[in-house]
Amino acid sequence: MTSRAASRAASGWCAGALAIGLAAQGCAVRSVAPATLSNPGTVAFTAGWTQTGIASWYGVPFHGRATASGEIYDMNAMTAAHNTLPFGTRIRVDNRDNGRSTELTVNDRGPFVKGRILDVSRAGARALDMIGPGTAQVRISIVSAANPVSARGGCVVIQVGSYRERAGAERRKREVEQAGFKAIVERHDGFYRVGAGPFGDDAEMRRALGALGGFIRRC
């Protein structure tokens with residue numbers, strides 16, 4: 001479910017849910033995120049930041065697939081997907097429907113359903129007692145902020161574009177270079193991805209993110 005500019009829609013449902021009951025269960029429907037969806041450089045995501053809204057959960061068939069951070073999704077790990085929180089951010093999630101709480105680490109992007117703010121792993125959903133309902137009203141609080149570079153092994157690229165034609169990618173690459181940053185073009189799944197970087201320094205990465213937009217991914 002990694003991000004791509006061209007939509008390659010992929011829908012997923014919770015493990016064990018019957019087709020006749022999907023709508024009622026509220027399981028996470030996941031698809032492809034637009035390249036400009038996440039820009040953690042625009043908001044100060046520090047301890048004290050909170051958000052309230054609807055959370056859902058996701059499991060099979062995403063178990064074992066790469067997440068947007070590059071990690072392999074393990075539905076039995078205590079993780080979550082959020083559209084803007086930097087990868088590696090540790091969050092507390094309070095289920096406002098039943099009073100249950102847990103802590104999760106953000107390592108993916110989502111949810112991609114209007115009106116939802118968080119997708120939690122199956123393990124997270126079990127801790128919050130929301131497996132059956134499928135969704136819950138939650139409050140998210142940052143426990144500890146992430147260093148995006150160290151959270152991804154010390155090397156990140158900011159993806160700033162994805163093109164079907166090489167010429168478009170080369171134009172975007174020149175724009176990145178004119179802005180004062182290194183740039184790369186990579187061929188991936190039939191598209192030319194343009195990245196700024198790579199970066200091994202968090203401050204420089206954030207400066208590029210603020211200037212160029214895009215989203216962070218591991219080198």
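**Two sheets and their packing in a predicted model**

The chain exposes about 9700 Å², and carbon and sulfur atoms supply 50% of this area. The model is predicted. The chain has 219 residues, of which 49% count as buried. Its secondary structure comprises 5 helices and 10 strands. Among contacts with a separation of 6 or more, 73% join residues 24 or more positions apart.

The strands were examined by sheet. Six of them, β1 to β6, close into a barrel. The order around the barrel is β1-β5-β2-β4-β3-β6, with mixed pairing. Neighbouring strands of this sheet are turned by 45 degrees against each other on average, direction ignored.

Strand β6 covers residues 135–144 and pairs with β1, residues 50–58. This pairing is antiparallel and spans 7 bridges. Within it, threonine 52 stands opposite arginine 139 of β6. Strand β3, residues 90–95, also pairs with β6 in the antiparallel sense, over 6 bridges. Here aspartate 94 has arginine 139 as its bridge partner. Arginine 139 of β6 thus faces threonine 52 and is also the bridge partner of aspartate 94. Elsewhere in the barrel, β2 (residues 79–81) pairs with β5 (residues 116–121). These two strands are antiparallel and share 2 bridges. Alanine 81 lies opposite aspartate 119 in β5.

The second sheet is open. Its 4 strands follow the order β8-β9-β7-β10, and the pairing is antiparallel. Strands β8 and β10 (215–218) stand at the edges. Each has a single partner strand, so one side of each is left without a neighbour in the sheet. From one strand to the next, the twist averages 40 degrees. Strands β8 and β9 run antiparallel and are joined by 6 bridges. Isoleucine 184 stands opposite glycine 195 of β9.

Two helices contact the open sheet. Helix α4 lies across β7 (156–163), β8 and β9. Its direction is at about 155 degrees to β8. Helix α5 packs on the sheet and touches β7, β9 and β10. The direction of α5 makes about 25 degrees with that of β7. Strands β7 and β9 are thus touched by α5 and crossed by α4.

Helix α5 spans residues 202–212. Its buried residues are Asp202, Met205, Ala208, Leu209 and Leu212. Seen down the axis of α5, these residues fall within an arc of 125 degrees, so they line one face of the helix. The face turned away from this buried side carries the exposed residues Ala203, Gly210 and Ala211. Just after α5, glycine 213 takes a positive phi of about 75 degrees.

Aromatic contacts were then considered. The count comes to 3 aromatic pairs. Tyrosine 58 and phenylalanine 62 form one of them, with an edge-to-face arrangement. Their centres are 5.9 Å apart, and the planes meet at 70 degrees. Tyrosine 58 has 1% relative accessibility and therefore counts as buried, the cut-off being under 20%. Phenylalanine 62, at 2% relative accessibility, counts as buried too. Tyr58 and Phe62 form one aromatic cluster with Tyr73. Tyrosine 58 belongs to this cluster, and residue 58 closes strand β1 of the barrel.

Phenylalanine 181 and phenylalanine 199 also form an edge-to-face pair. The centre-to-centre distance is 6.4 Å, with 75 degrees between the planes. This pair links distant parts of the chain, 18 residues apart. Phenylalanine 181 sits in the loop between α4 (166–178) and β8 (183–188). Phenylalanine 199 lies in strand β9, residues 191–199. Phenylalanine 181 counts as buried, because its relative accessibility is 5%. Phenylalanine 199 likewise counts as buried, at 6% relative accessibility.

Technical notes. Residues numbered from 1 in each chain as written. Predicted model: local features only at pLDDT ≥ 70, side-chain atom pairs only at ≥ 80, totals over all residues. Heavy atoms only, no water. Pairing = 2+ DSSP bridges. Axes fitted to C-alpha atoms, helices over the stretch in contact; angles between N-to-C directions. Buried < 20%, exposed > 50% of the residue type's maximum accessible area, 1.4 Å probe, protein only. Arc of directions from axis to C-beta. Contact = heavy atoms within 4.5 Å. Areas by Shrake-Rupley, 256 points an atom, 1.4 Å probe, with all protein chains shown as cover. Phe/Tyr/Trp six-rings, centres within 6.5 Å; stacked < 30°, edge-to-face > 60°.
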